Amino acid sequence: MIKAIIFDCFGVLRPDVLHRAYQELGGDPAADNDFIADTLYASHTGRIDSSAPVFAERLGVTVDAWLQAITTDANDQQLLDYIENLRGRYKVGVLSNVGKDGLLRYFSQADLDRYFDAVVVSGVIGYAKPQAQAYEIAADRLGVRVDECVFTDDKQSYCEGAQGSGMHAILYKSFSQFKAELESLLADA
């Protein structure tokens with residue numbers, strides 16, 4: 001039986017604009033792919049508090065300019081409204097690979113409390129998707145078993161990580177696609 005639904009943030013709850021912002025500020029995401037991946041991994045696993053100063057320094061811009069570039073797009077209100085409806089029937093969480101305070105750049109604490117029963121940030125727990133521990137901690141914080149969870153992410157490897165930990169997973173492509181797949185899964189469960 002499905003008791004909880006867990007959402008990724010970037011690429012699901014809001015657009016993932018990091019590479020676009022990096023390029024707009026003069027960087028070459030393809031040439032700097034290893035640097036970007038290493039910096040994100042350090043932030044996502046709590047080895048550094050924030051990737052913002054590292055990216056800003058690399059691009060020769062202020063931290064404020066970097067933060068403005070990555071926060072210009074809005075959260076997906078249609079999905080958040082749907083989540084609010086789900087929360088009445090299921091536990092709802094967010095599991096995000098982000099630095100310690102990263103989600104608070106995009107959501108107020110009141111909004112996180114409004115939409116989610118648990119917020120799990122990789123930079124705080126020290127494990128990043130697709131590590132099994134990240135999914136297990138998310139399920140534990142929701143008070144359910146991993147096999148009672150549906151996880152959704154826009155990255156196939158993170159969905160595979162969820163499945164490897166015992167969760168159901170839906171690859172997020174659009175709101176309508178996700179909603180149809182989730183409702184089918186919930187009806188069959």
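**Figure 1. Helices H2 and H3 are roughly antiparallel to each other.** The view is taken from a predicted model. The axes of H2 and helix H3, the latter spanning residues 52-59, come within 10 Å and cross at roughly 155 degrees. Because angles over 145 degrees count as roughly antiparallel, the pair falls into that class. The crossing in which H2 passes H3 is right-handed. On the H2 side, the residues that meet H3 are Phe35, Ile36, Thr39 and Leu40; their partners in H3 are Val54, Phe55 and Arg58. Sorted by class, this contact of H2 with H3 contains 5 nonpolar, 1 polar and 1 charged residues.

**Figure 2. Helices H5 and H10 approach each other with their axes within 11 Å.** Helix H5 comprises residues 77-86 and helix H10 residues 175-188, and their axes cross at roughly 20 degrees. This angle makes H5 roughly parallel to H10, since angles under 35 degrees are assigned to that class. H5 passes H10 in a crossing that is right-handed. Gln78, Leu79, Tyr82 and Leu86 form the H5 side of the contact, and Phe175, Phe178, Lys179, Leu182 and Glu183 form the H10 side. The contact of H5 with H10 is made up of 6 nonpolar, 1 polar and 2 charged residues.

**Figure 3. The largest pocket of the predicted model is lined by 29 residues.** Its volume is about 560 Å³. Phe10, Leu18, Leu40, His44 and Asn97 are the lining residues that lie nearest the centre of the pocket. Two or more lining residues are given by each of helix H1 (18-24), helix H2 (33-44) and helix H4 (63-70). H2 supplies the largest share of the lining, 5 residues. One residue, Leu40, links this view with Figure 1: Leu40 is among the residues nearest the pocket centre, and Leu40 of H2 also takes part in the contact with H3. In terms of class, the lining divides into 14 nonpolar, 9 polar and 6 charged residues.

**Figure 4. Asn75 is placed in the loop between H4 and H5.** When neighbours within four places in sequence are left aside, Asn75 is in contact with Leu13, Arg14, Leu80, Tyr106 and Phe107. Lys91 serves as a reference point for distance: Asn75 and Lys91 are separated by 16 residues in sequence and by 20 Å in space, C-alpha to C-alpha. The two helices that flank the Asn75 loop also appear in the preceding views, H4 as a contributor to the pocket lining and H5 as the partner of H10.

**Figure 5. A cis peptide bond joins Lys129 to Pro130.** The omega angle of this bond is near 10 degrees. Pro130 lies in the loop between helix H7, residues 122-125, and helix H8, residues 132-142.

Note on methods:
Residues numbered from 1 in each chain as written. Predicted model: local features only at pLDDT ≥ 70, side-chain atom pairs only at ≥ 80, totals over all residues. Heavy atoms only, no water. 1 Å grid on protein atoms, 1.4 Å probe; cavity = no way out; pocket = protein on both sides within 12 Å on 5 of 7 lines; lining within 4 Å. Points joined across faces, edges and corners; volume = space filled by probe spheres on them. Helix = DSSP H or I, 4+ residues; strand = E, 2+ residues; numbered from the N terminus. Nonpolar A, V, L, I, M, F, W, Y, C, P; charged D, E, K, R; others polar. Axes fitted to C-alpha atoms, helices over the stretch in contact; angles between N-to-C directions. Parallel < 35°, antiparallel > 145°, perpendicular 65-115°, else oblique. Left-handed = near helix turned anticlockwise from the far one by under 90°. Contact = heavy atoms within 4.5 Å.
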